[in-house]
Amino acid sequence: QVQLVESGGGLVQPGGSLRLSCAASGSIFSNNYMGWYRQAPGKQRELVATITSGGITNYADSVKGRFTISRDNAKNTLYLQMNSLKPEDTAVYYCRLTTIRYASQSTYWGQGTQVTVSS
């Protein structure tokens with residue numbers, strides 16, 4: 001079965017940078033898209049960024065120009081480079097994978113990694 005494991009979270013000061021990774025294992029089909037989502041206490045989980053197998057990206061307005069999503073298909077790994085971090089970026093960040101094969105779709109979530117931006 002597919003498993004997603006996030007890493008790279010931690011404590012960083014405002015204005016700092018952090019790089020998150022998501023390693024996928026299992027039956028990863030070529031037709032898929034991946035994304036990063038985040039959830040802060042008392043708030044709904046929200047989309048941060050997505051990327052397709054072909055490298056097409058989309059970003060939430062709140063992170064455009066600061067975050068960069070990328071993937072290494074050979075390593076089945078998703079990345080999120082976060083720069084100019086703000087306290088409002090504090091949240092648990094989740095990796096998501098959606099696979100599509102012959103009209104069958106499956107979605108998988110990682111367990112999340114904590115990102116804390118604070119002085």
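In this predicted model, R66 and D89 pair up in a salt bridge, with their closest N and O atoms 2.8 Å apart. The two residues come from distant parts of the chain: R66 sits in the loop between β6 (57-59) and β7, D89 sits in the loop between β8 and β9, and 23 residues separate them. Both partners are buried. For D89 the relative accessibility is just 1%, which falls under the 20% cut-off, so D89 counts as buried. As a general point, side chains of opposite charge can pair when their charged atoms come close.

D89 has other partners too. Its loop runs between β8 (77-82) and β9 (91-101), and from there the side chain of D89 makes a polar contact of 2.9 Å with the side chain of R38. A polar atom of the D89 side chain also lies 2.8 Å from the backbone nitrogen of K86. Setting aside neighbours within four places in sequence, the contacts of D89 are R38, R66, F67, S84, V115 and V117.

R38 carries the story onward. This arginine forms a salt bridge with E46, and here the closest N and O atoms are again listed at 2.8 Å. How do R38 and E46 fare for exposure, buried or partly exposed? R38 has a relative accessibility of 6%, so R38 counts as buried, whereas E46, with a relative accessible area of 34%, is partly exposed. Put together, R38, E46, R66 and D89 are linked in a network of salt bridges.

The model has four salt bridges in total. One of them joins the side chains of D61 and K64, at 3.3 Å from N to O. D61 has 66% relative accessibility, so this residue counts as exposed.

Next come the cysteines. How many disulfides turn up? The count is one, and the bond runs from C22 to C95, with the two S atoms 2.1 Å apart. This pair also ties together distant parts of the chain, since C22 belongs to strand β3 (residues 18-25) and C95 to strand β9, 73 residues apart. The torsion about the S-S bond is about -80°, so the disulfide is left-handed. C22 and C95 are both buried.

Strand β3 also takes part in an open sheet. Four strands make up this sheet, in the order β1-β3-β8-β7, and their pairing is antiparallel. Why do β1 (3-7) and β7 (67-72) each have one side without a neighbour in the sheet? These two strands stand at the edges, each with a single partner strand, so one side of each is left free of a neighbour there. From one strand to the next, the twist averages 15°. In general, strands of a sheet pair through backbone hydrogen bonds, either parallel or antiparallel. Here β1 and β3 pair in the antiparallel sense over five bridges, and S7 stands opposite S21 in β3.

Strand β9, home of C95, has a partner of its own. Six bridges join β9 to strand β10 (residues 104-109), and the two run antiparallel. Within this pairing, L97 has Y108 in β10 as its bridge partner. The hairpin of β9 and β10 has two residues between the strands, and Y102 takes a positive phi near 50° in this hairpin.

Note on methods
Residues are numbered from 1 along each chain as its sequence is written. This is a predicted model: local features need pLDDT of at least 70, side-chain atom pairs count only at pLDDT 80 or more; totals for chains, interfaces and linings use all residues. Side-chain values use heavy atoms; hydrogens and water are left out. Buried means under 20% relative accessible area, exposed over 50%, partly exposed in between (1.4 Å probe, protein chains only). A polar contact is a pair of N or O atoms within 3.5 Å; within protein, one must be able to donate a hydrogen and the other to accept it, and residues adjacent in sequence count only if both atoms are side-chain atoms. Contact means heavy atoms within 4.5 Å. A disulfide is a pair of cysteine sulfur atoms within 2.5 Å. Two strands pair if DSSP finds at least two bridges between them. Axes are lines fitted to C-alpha atoms, for helices over the stretch in contact, and angles run from 0 to 180 degrees between N-to-C directions.
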